[in-house]
Amino acid sequence: MPMPSLASLPVRRLTLKDLTACADLSEDRGWPREEHKWGLLLSAGKGYGIDDPSGGLVAACVVTEYGAGERPALGAIGMVLVAERHARRGVGRRLMRQVIEEAGPTPLTLHATPNGRPLYEQLGFKVTGRAEMVRGHLTPGGEADEAVTRAATAEDLPAILRLDHEVFGADRTHILTRLPAFADQLRVAEEDGRLIGYAAAWPNMETHVVGPLIARDTATAKALVRSLAARTDRPLRTDIDVRHEELLQWAKEHGLESVAFNAVMTYGITELPGDWSRRFAPVTVAAG
């Protein structure tokens, strides 16, 4: 029987049952399988995929929506992948167009690699920022932390949610309440009993990804990163907004190296909501 054309293959919603197929697709494109991250995205977000009649997925992506009302305040697109055997045949464009259509008036954002950026620009996304990925073992320094940090407890969750909503600009309860189970570490910074920042470190292959990283200032961000590094033997990896030049310089002076740059792009808005000066790193670039 003749194989159906790619244009005729329907886009469907993915579920956690598709986790292995999504990881296989990542591996097909030379990415790590990242099953732990796929699990979070598929449970907290909306997965979209196109099935390959011969087995597996032709393409996939995930949209994580934020906001407490009926209409999301923001949608973050991530993990846009097309199988190598079907690459450069318009599949990614068709998948993205459907995602944009289903989003309707909801503003969208994504982190684009240099290879993916031209497609997103053609679809109407605009570059509004830049993030730098750094990776390595954080070496101890002689300076003392200016902020007090400790392990987060269940009692901290309301304060974390309040601070995050203020800084991120939209409600992320459905992501943040998953952090205690998803991350290996969740720590807070406080001053006079008041929460001034928080950060998580979650396992991704051989690294610990630092994200989210929300802090009152750079000194607080440094204290949180240092506290996370002190409690793991794995190298750290994180994606820092390039406007945080002081934190990036400090990280590089203490053992982390630049790995890559991604363009932060938006659709339907000219800039991301919230307070970028206190938003240092995303949960993951795939979820904003």
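**Notebook: R187, helix α3 and a cavity**

I looked up R187 and found that its side chain makes a polar contact with the side chain of S227 at 3.1 Å (a pair of N or O atoms within 3.5 Å, where one must be able to donate a hydrogen and the other to accept it, and where residues adjacent in sequence count only if both atoms are side-chain atoms). I note that this is a predicted model, in which local features need pLDDT of at least 70 and side-chain atom pairs count only at pLDDT 80 or more, while totals for chains, interfaces and linings use all residues. Residues are numbered from 1 along each chain as its sequence is written, and side-chain values use heavy atoms, with hydrogens and water left out.

I placed R187 in strand β8, residues 185-191 (strands are DSSP runs of E of at least two residues, helices of H or I of at least four, numbered from the N terminus). R187 counts as buried because its relative accessibility is 6% (buried is under 20% relative accessible area, with a 1.4 Å probe and protein chains only).

I then turned to helix α3, residues 91-103, whose 13 residues reach 19 Å from first C-alpha to last, close to the 18 Å expected at 1.5 Å a residue (1.5 Å times one less than the number of residues). In α3 I found V91, G92, L95, M96, V99, I100 and A103 buried. They lie on the same side of α3, because they cover an arc of only 165 degrees around the axis (taken from the directions from the helix axis to the C-beta atoms). After α3 comes G104, with a positive phi near 60 degrees.

How values were computed. Buried means under 20% relative accessible area, exposed over 50%, partly exposed in between (1.4 Å probe, protein chains only).
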